[in-house]
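User: I would like to take a close look at one part of this structure. Please explain in formal terms how the charged side chains are placed and what surrounds them.

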Amino acid sequence: MLEVLEKWTEILDNGGAVDVFYLDLAKAFDSIPHKRLLAKLQSYGIRGTVLQWISSFLSGRQQRVMIAGTGSDWESVLSGVPQGSVLGPMLFICYINDMPNSVSSFIYMYADDTKLCREVGNILDQTTLQKDFNDIQTWSDTWQLKFNSTKSKVMLMGSTNKHAKYLMKEQGVEVVLETTSEEKDLGVWIDDKLKFTSHIGHVVAKSNQILGLIKRSFVYKNIDVIKQLFTALV
């Protein structure tokens with residue numbers, strides 16, 4: 001987060017403009033095909049007993065849905081990495097590790113959150129950024145990880161920004177990607193002016209909600225108890 005903000009701030013301070021794609025992989029941890037994951041691991045040099053162990057870790061899993069104590073039939077799990085495990089996130093990172101190889105713009109990834117950005121001073125920069133985004137979509141189609149079109153957005157930063165329209169492929173049809181003036185980025189609200197007024201507002205509002213819940217939940221407000229609750233929750 002600090003590295004990204006440093007780069008964006010430097011560009012804006014110099015009078016430039018930045019276009020940022022906030023990309024969200026739909027059901028990322030559940031969508032990874034096991035055979036392709038094992039093939040990638042093998043290409044990284046993981047072979048023999050370790051590869052067999054990982055294959056065993058992924059295979060033979062089943063799941064079902066429970067509603068009001070009634071369960072559906074068990075179905076085999078043929079894709080995805082087990083969430084809640086130590087190994088699951090590492091396998092996911094190995095699977096998406098080569099995504100940056102297909103672009104020339106700056107790309108930052110944290111688990112399934114991806115930011116693609118570029119300083120845009122002219123139409124050529126915008127065209128290059130769109131091409132990089134197209135290449136990432138091609139990568140996602142090849143490796144069967146789809147971007148969520150409703151959660152993927154673009155933020156246009158800088159007073160000199162030309163406000164370009166960027167396209168995203170959705171079921172074979174190109175649609176204009178939604179623009180946003182603020183986005184929650186790894187727990188921090190970022191706006192297109194890189195001011196933290198919005199973030200502070202969200203934090204204060206959430207704190208007031210929790211404080212209101214404490215007030216409504218306790219008839220007798222012992223000062224020591226309220227202090228502990230306020231310190232822990234607010």
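Analyst: In this predicted model, K40 has a relative accessibility of 5% and therefore counts as buried, since the limit for that class is under 20%. The side chain of K40 meets that of D98 in a salt bridge, with a distance of 2.7 Å from N to O. K40 belongs to helix 3 (residues 34-43), whereas D98 lies in the loop between helix 5 (87-96) and strand 6, so the pair ties together parts that are 58 residues apart in sequence.

The salt bridge of K40 and D98 belongs to a set: the count for the model comes to five salt bridges. Another of them joins the side chains of K146 and D141, again with 2.7 Å from N to O. Here K146 is partly exposed, because its relative accessibility is 47%. D141 is likewise partly exposed, with a relative accessible area of 43%. A further salt bridge links D192 and K193, whose closest N and O atoms are 3.8 Å apart. K193 counts as exposed because its relative accessibility is 59%, and the limit for that class is over 50%.

Let us return to the surroundings of the loop that holds D98. Helix 5 is one of the two elements that flank this loop. The buried residues of helix 5 are G88, L91, F92, C94, Y95 and I96. Among the elements that cover these buried residues are helix 2, helix 3, helix 4 (48-58), strand 6 and helix 6 (123-142). Helix 3, the element that contains K40, is thus part of this cover.

Helix 2 also belongs to the cover of helix 5, and S31 offers a view of it. S31 is found in helix 2, which spans residues 28-31. With a relative accessibility of 23%, S31 counts as partly exposed, because the limit for a buried residue is under 20%. A polar atom of the S31 side chain lies 2.6 Å from the backbone oxygen of K27. Beyond its neighbours within four places in sequence, S31 is in contact with A26, S79, G80, Q144 and L145. The C-alpha atoms of S31 and G172 are separated by 20 Å, and the two residues are 141 residues apart along the chain.

On the other side of the D98 loop comes strand 6, which comprises residues 106-110. Strand 6 runs antiparallel to strand 7 (residues 113-119), and five bridges join the two. In this pairing, Y108 has K115 of strand 7 as its bridge partner. Two residues stand between the strands of this hairpin, and A111 takes a positive phi near 55° there.

Y110, which falls in the range of strand 6, forms a nonpolar surface patch of about 290 Å² with M1 and L186. L186 is located in the loop between strand 11 (182-185) and strand 12 (188-191). Its relative accessible area of 39% is the reason why L186 is classed as partly exposed.

One last residue, S198, gives a contrast with the exposed K193. S198 is placed in helix 7 (residues 197-217). At 18% relative accessibility S198 counts as buried, because the limit is under 20%. Apart from residues up to four places away in sequence, S198 touches E182, W189 and D191.

Key
Residues are numbered from 1 along each chain as its sequence is written. This is a predicted model: local features need pLDDT of at least 70, side-chain atom pairs count only at pLDDT 80 or more; totals for chains, interfaces and linings use all residues. Side-chain values use heavy atoms; hydrogens and water are left out. Two strands pair if DSSP finds at least two bridges between them. Helices (H or I, at least four residues) and strands (E, at least two) are DSSP runs, numbered from the N terminus. Buried means under 20% relative accessible area, exposed over 50%, partly exposed in between (1.4 Å probe, protein chains only). Contact means heavy atoms within 4.5 Å. A polar contact is a pair of N or O atoms within 3.5 Å; within protein, one must be able to donate a hydrogen and the other to accept it, and residues adjacent in sequence count only if both atoms are side-chain atoms. Patches are made of residues with over 30% relative accessible area and no salt bridge: like charges are joined within 9 Å, nonpolar side chains (Val, Leu, Ile, Met, Phe, Trp, Tyr) within 5 Å. Accessible areas come from the Shrake-Rupley method with a 1.4 Å probe; for residues, only the protein chains shown count as cover. A salt bridge is a side-chain nitrogen of Lys or Arg within 4 Å of a carboxyl oxygen of Asp or Glu.
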